[in-house]
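Visitor: I would like to hear the reasoning behind the labels on this model. Take me through them one at a time.

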Amino acid sequence: SLKQKKDDNLLFLNDSNIQDLYLLCQIMVAPPWEAGYGMKIKAWTELADILSAIKDDSGENVFTYGLTAKHCTDRFKTLMDFCKKAEREIDFHSGCDDEAPPTELLTLLEQI
């Protein structure tokens, strides 16, 4: 059904999606686009290096594949593009008191 397809498309916005959470948290700490002229690729590469070293609670790498600057930029672009296209379907915080709080991932996307 259409509703099921919509719900499946929004699954990546859950807080259980720790790879995107770590990506967005690191971007909030050091936004690569704020790097100086000619330094943006280096900033994305440093971001990939930092993320590659992160371990989960069991001691396993969160990113189990060779993470590169291109992986990071592509995933960030995918997240931002999806949010722009699905803005009306995503429960960003509207200011109403009776709504459920947004997930951590949605909060980070909203802040960026």
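Visitor: Why is asparagine 61 called partly exposed?
Guide: This is a predicted model, and in it asparagine 61 has a relative accessible area of 30%. Buried needs under 20%, and exposed needs over 50%. The value of 30% lies in between, so asparagine 61 is partly exposed.

Visitor: Where is asparagine 61, and what does asparagine 61 touch?
Guide: Its place is the loop between α3 (40–52) and α4 (69–85). Leaving out residues up to four places away in sequence, asparagine 61 touches Ser52, Ile54 and Lys55. Leucine 51 is 10 residues away in sequence, with a C-alpha to C-alpha separation of 9.0 Å.

Visitor: What makes the link between asparagine 61 and lysine 55 a polar contact?
Guide: The side chains are joined at 2.6 Å. The cut-off for N or O atoms is 3.5 Å. The value is within that limit, so the label holds.

Visitor: How do you know that the span of α4 agrees with what is expected?
Guide: Take the 17 residues of α4 at 1.5 Å a residue. The expected span is 24 Å, and the end C-alpha atoms are 24 Å apart, so the two agree.

Visitor: Which residues of α4 are buried, and how do you know that they share a side?
Guide: The buried residues are Ala69, Cys72, Phe76, Leu79, Met80 and Cys83. They cover an arc of only 105° around the axis, so they sit on the same side of α4. The face turned away from that buried side carries Lys70 and Lys85, which are exposed. The cover over the buried residues includes α2 (18–29), α3 and α5 (104–111).

Visitor: How many aromatic pairs does the whole structure have?
Guide: The search finds 3. One of them joins tryptophan 33 and phenylalanine 76.

Visitor: Why is the pair of tryptophan 33 and phenylalanine 76 called stacked?
Guide: The ring centres are 5.5 Å apart, and the planes differ by 20°. Pairing needs centres within 6.5 Å, and stacking needs planes under 30 degrees apart. Both conditions are met, so the pair is stacked. It links distant parts of the chain: tryptophan 33 is in the loop between α2 and α3, phenylalanine 76 is in helix α4, and 43 residues separate them.

Visitor: Are these two residues buried or partly exposed?
Guide: Tryptophan 33 is at 36% relative accessibility, so it counts as partly exposed. Phenylalanine 76 has 11%, so it is buried.

Visitor: What makes the pair of phenylalanine 63 and tyrosine 65 edge-to-face?
Guide: Their centres are 6.3 Å apart and their planes are at 85°. That angle is over 60, so the pair is edge-to-face. Phenylalanine 63 counts as buried at 6%, whereas tyrosine 65 counts as partly exposed at 38%.

Visitor: Which residues do ring pairs link into a cluster?
Guide: Trp33, Trp44 and Phe76. Beyond four places in sequence, tryptophan 44 is in contact with residues including Ile27, Pro32, Ala69 and Cys72.

Visitor: Which residues touch the most other members of the largest nonpolar core?
Guide: Of its 21 residues, they are Leu23, Leu24, Trp44, Leu47, Leu51, Cys72 and Leu109. The elements giving two or more residues are α2, α3, α4 and α5. α4 gives the most, with 6 residues.

Visitor: Why is aspartate 20 called buried?
Guide: Its relative accessibility is 4%. The limit is under 20%, so aspartate 20 counts as buried. Aspartate 20 belongs to helix α2. Its side chain makes a polar contact of 2.6 Å with the side chain of arginine 75.

Definitions and conventions:
Residues numbered from 1 in each chain as written. Predicted model: local features only at pLDDT ≥ 70, side-chain atom pairs only at ≥ 80, totals over all residues. Heavy atoms only, no water. Helix = DSSP H or I, 4+ residues; strand = E, 2+ residues; numbered from the N terminus. Buried < 20%, exposed > 50% of the residue type's maximum accessible area, 1.4 Å probe, protein only. Contact = heavy atoms within 4.5 Å. Polar contact = N/O pair within 3.5 Å; in protein donor to acceptor, adjacent residues only side chain to side chain. Expected span 1.5 Å × (residues − 1). Arc of directions from axis to C-beta. Phe/Tyr/Trp six-rings, centres within 6.5 Å; stacked < 30°, edge-to-face > 60°. Core = buried A, V, L, I, M, F, W, Y, C linked by side-chain atoms within 4.5 Å.
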